[in-house]
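Please read these notes with the structure open beside you, and take the points in order.

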Amino acid sequence: MSDLHIDGDRLVRRINDLATIGPIEGGGSCRLALTDEDRDGRDLVVAWMTDLGLDISMDGIGNVVGVRPGRTDGPPIMTGSHIDTVRTGGRYDGNLGVLAGLEVIETLEQHGITTEHPFAVAFFTDEEGARFQPDMLGSLVYAGGMGLEEALDVVGIDGAVLGEELDRIGYRGTSPCPGSAPRAFVELHVEQGPVLEADGVTIGAVTGVQGISWTELAITGQSNHAGTTPMDLRHDPGYVAALIASYVRQLAIRMGGRQVATVGSLELHPNLVNVVAASARLTVDLRNTDEALLGEAEADLARFVAEAAAAEGVTVEERTLARFQPVAFDDRVVDTVAAVAAELGHSVKRLPSGAGHDAQMMARLCPTGMVFVPSRDGISHNPAEYTEPDDLVAGADVLLGSMLALDAMDLSTTGAPDGSGGASTDGAEGAP
Ligand code: GLV
Ligand code: MN
Ligand code: MN
């Protein structure tokens, strides 16, 4: 197995080719889900899948799966990720996982290797959740965590309706949602954080994904003249929004551990120098690897928001944009990734993922894991995102080796994920 290697030049060339679609200053890409740029990126990847002779199918939410047959029929060993980006996307986030999946298949093809089970590579719709919430929407629908109709009705930050955009770009398919369970799922992704680089480690064997809580807060107050309104008579949504933005930082620092908290979007209306704002809208992103602690952070924030609103005399409407429990990956897949990486001579570290990934949804359906490669300076969701070509190749080789090892493994003992969190049930997840 260790003799088999993907073609690094071809992988890097495809990453760079895809990055030219929706190019932005600094070398990154903007392909927000279901925009024209996303469609053009999809067209390119589908053309590559077609060149490889894959059996391509598309489901009702626009997830695209390409399958290469094995000696036997049945569920495939699947890999994949996403090709949509945030507005300030790098060229590796998601794209690496999809294009490395093509590499796995092309390498098998070139070496005339037939696997026992079919091999599949997928790209899932709207992983980023930057335009349509929740994030990981396509894989969530694939895994049955959100109904197709509900997902098609989601309204984006620009007022667009997801289903209409899917039709507009020609990517509403006919394969059923939820999709069928693969035999196993492994996703290669850039770490998007600083851990592997800091430790001088090439391969991350990802143990799971932390829980995610996204809330939108819409604050309404009394718009007024900035010069004439006495300070004690103000009902200023901008002030309350600023208090909340500052509080979430303090909250995360006070909780410590793996708690992180971000206000990534904050808008005032009418947003003018001499007007006390009429309204403010902000988002809060809370994450923790521990579900109970994430719940505490949510409760703490809710308490603070209520107090701050009451003190200023403004009203606040809260809307859950995304809520996912932490997910633990299947030990057999994590162990396989670690063993294959070691066999290929790479340093390995087991670590949880700070970012959300399609694999966390696929973990509901089948034994699942992920491979990470280092991100320079831990930077992501930024055009400066960068991973050394050698590390990209190492990750793709580990993906290939892991898929082959899983192909040969008896995974029938439990079939479904173990009880340690892979099959997390997230209640109201994703319900906007
Ligand atoms: C999605 O990629 C996220 O982690 O925000
Ligand atoms: Mn990603
Ligand atoms: Mn991302």
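1. Asp93 bridges two metals, the manganese ion (ligand 3) and the manganese ion (ligand 2), which lie 3.6 Å apart. This is a predicted model, in which local features need pLDDT of at least 70 and side-chain atom pairs count only at pLDDT 80 or more, while totals for chains, interfaces and linings use all residues. Residues are numbered from 1 along each chain as its sequence is written, chains are lettered from A and ligands numbered from 1 in the order in which they are written, and side-chain values use heavy atoms, with hydrogens and water left out.

2. Around the manganese ion (ligand 3), the protein donors are Asp93 (OD), Glu128 (OE), Glu128 (OE) and His381 (NE2), at 2.1 to 2.4 Å from the metal. Donors here are N, O and S atoms within 2.8 Å of the metal (3.2 Å for Na, K and Ca), and water is not among the atoms, so sites may look incomplete. Along the sequence, the donor residues follow the spacing D-x34-E-x252-H.

3. Glu128 and His381 link distant parts of the chain, being 253 residues apart: Glu128 is in the loop between strand 4 (119-123) and helix 4 (137-142), and His381 is in the loop between strand 15 (368-373) and helix 12 (389-407). Helices (H or I, at least four residues) and strands (E, at least two) are DSSP runs, numbered from the N terminus.

4. Is Glu128 buried or exposed? Glu128 counts as buried, because its relative accessibility is 7%, whereas His381 is partly exposed at 38%. Buried means under 20% relative accessible area, exposed over 50%, and partly exposed in between (1.4 Å probe, protein chains only).
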